[in-house]
Amino acid sequence: MRKGMFALAAVGLLATSSMTACGDDSGTDSGSSSGSSVGKVGVILPDTASSQRWGSDDPKFLKAAFDAAGVAVDIQNAQGDKSQFQTIADGMISSGVKVLMIVNLDSGTGKAVLDKAKAAGIATIDYDRLTLNGGANYYVSFDNVAVGKLQGEGLVKCLTDMKATKPVVAELNGSPTDNNATLFKEGYDSVLKPKYDSGDYVKGPDQSVPDWDNAQGGTIFEQMLTEKKDIKGVLAANDGLGNAVISVLKKQSLNGKVPVTGQDATVQGLQNILAGDQCMTVYKAIKQEADAAADLAISLAKGEKKDVSQSITDPESNTSVPSVLLTPKAIYKDSVKDVVADGFVTKDQLCTGDFAKLCTDNGVS
């Protein structure tokens, strides 16, 4: 059970009447009682390769929220395939879902799906990633510029702790088709650019990784290190890319000597932090994000529309999108225990093998 250490911004959880939930044979659908007039919700997740969250965390938390409300939900994953994404959406639309929630693979594909849904009278929610010019009814995510700022501040802290002098900093950015990656970079560049401009840091290689592909990220970083052997710090946009960087650094016995950032507070990322190979990650309380999105979807499925206190401006359409933006948290070695205490990962998942002693040494219980 989560202990609620991070406050949910802008929206309260919906109090729902007690209804009986039942699941279908697929394990991905849950249904309300047959007499209910509440509509069904469709959810399309992007892949299971870029981050562990899409295969385990989000489906689990979303399904639990809809089941608790007795609202039928169909959760499917496009596995990084844009054609499959559209096929899933077409199936959900033709099946008569009342609400469609998507995590787009890119804004072009996402917009095509949202346009079809809206033409069919279906309410729409952008989950985690904003679909540019998509016109969704709501957007639920974290403050992604703030996420990037924490990453930039984290790298500065770790370089300062290591007493680095005029370090060459490499940036390994997320997918160029993901608006979140753009926002993360906006955040960390707001911290790093003044360092470059002042001459305190030296700007090194700066490259995006298509589709957040970790293997490709490792190859890109290996090329960076070949071309610029004096890289002393790496702003890696998430834990998967961070681990790819660390794998390359290990080949040169540079792990732990070159600070690397991350994001998502994955088990692997947290273990890398405990081992001293990764300097920090950013924890986003995904259960809160899932609960907030489900809260809005449940209201829409009941024919209601909730007011939210936040909004963002879509940079392409220049329109305001009602939003719920949650607050991220920087995690360092001494605060890994907070992620466990919040119930996001368990001690059994994290403290395996050689990590058992590292957990004990760092107060993980």
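Let me begin with a term: a cavity is a set of grid points where a 1.4 Å probe fits but cannot get out. With that in mind, the structure before you, which is a predicted model, can be searched as a whole, and the search finds one cavity of 30 Å³ or more. The largest cavity has a volume of about 140 Å³. Its lining is made up of 15 residues, and those closest to its centre are Trp54, Arg129, Trp212, Asp264 and Lys284.

I should like to stay for a moment with one of these residues, tryptophan 212. Where does tryptophan 212 have its place? It sits in the loop between β9 (202-208) and α6. Tryptophan 212 has a phi near 60°, which is a positive value in a residue other than glycine. Its relative accessibility is 7%, and because buried means under 20%, tryptophan 212 counts as buried.

Allow me now to step back to the chain in general. The protein chain has 365 residues, and 54% of them count as buried. Its secondary structure consists of 12 helices and 14 strands. If we take the contacts between residues at least 6 apart in sequence, 73% of them join residues at least 24 apart. As for the surface, the chain exposes about 14800 Å², of which carbon and sulfur atoms supply 49%.

I turn next to two helices, beginning with α7. Helix α7 covers residues 239-251, 13 residues in total. From its first C-alpha to its last it reaches 19 Å, close to the 18 Å expected at 1.5 Å a residue. Why may we call α7 largely enclosed by the rest of the structure? The reason is that 10 of its 13 residues are buried. Among them are Leu241, Val245, Ile246, Val248 and Leu249, and the glycines Gly240 and Gly242 also belong to this group. The buried residues of α7 pack against two helices, α6 (214-227) and α8 (267-274), and also against the strands β8 (168-173), β10 (231-236) and β11 (281-283).

The two ends of α7 also merit a remark. At the N-terminal end, asparagine 238 acts as a cap, with a side-chain oxygen 3.3 Å from the backbone nitrogen of glycine 240. Just after the helix, serine 253 takes a positive phi of about 55°.

The second helix is α9, which runs over residues 286-301 and has 16 residues. Its reach from first C-alpha to last is 22 Å, close to the 22 Å expected at 1.5 Å a residue. Helix α9 is mostly covered, with 15 of its 16 residues buried. Just after α9, glycine 303 takes a positive phi of about 80°.

Finally, I would draw your attention to two residues in loops. Asparagine 133 lies in the loop between β6 (123-127) and β7 (138-142). The phi of asparagine 133 is near 65°, again a positive value in a residue other than glycine. Is asparagine 133 buried or exposed? The answer falls between the two: at 32% relative accessibility, asparagine 133 counts as partly exposed.

Threonine 165, for its part, is found in the loop between α4 (144-161) and β8. Its relative accessible area is 68%, and since exposed means over 50%, threonine 165 is exposed. Which residue, 36 residues apart from threonine 165 along the chain, has its C-alpha atom at a separation of 7.7 Å? That residue is tyrosine 201.

How values were computed
Residues numbered from 1 in each chain as written. Predicted model: local features only at pLDDT ≥ 70, side-chain atom pairs only at ≥ 80, totals over all residues. Heavy atoms only, no water. Helix = DSSP H or I, 4+ residues; strand = E, 2+ residues; numbered from the N terminus. Buried < 20%, exposed > 50% of the residue type's maximum accessible area, 1.4 Å probe, protein only. Contact = heavy atoms within 4.5 Å. Areas by Shrake-Rupley, 256 points an atom, 1.4 Å probe, with all protein chains shown as cover. Expected span 1.5 Å × (residues − 1). Polar contact = N/O pair within 3.5 Å; in protein donor to acceptor, adjacent residues only side chain to side chain. 1 Å grid on protein atoms, 1.4 Å probe; cavity = no way out; pocket = protein on both sides within 12 Å on 5 of 7 lines; lining within 4 Å. Points joined across faces, edges and corners; volume = space filled by probe spheres on them.
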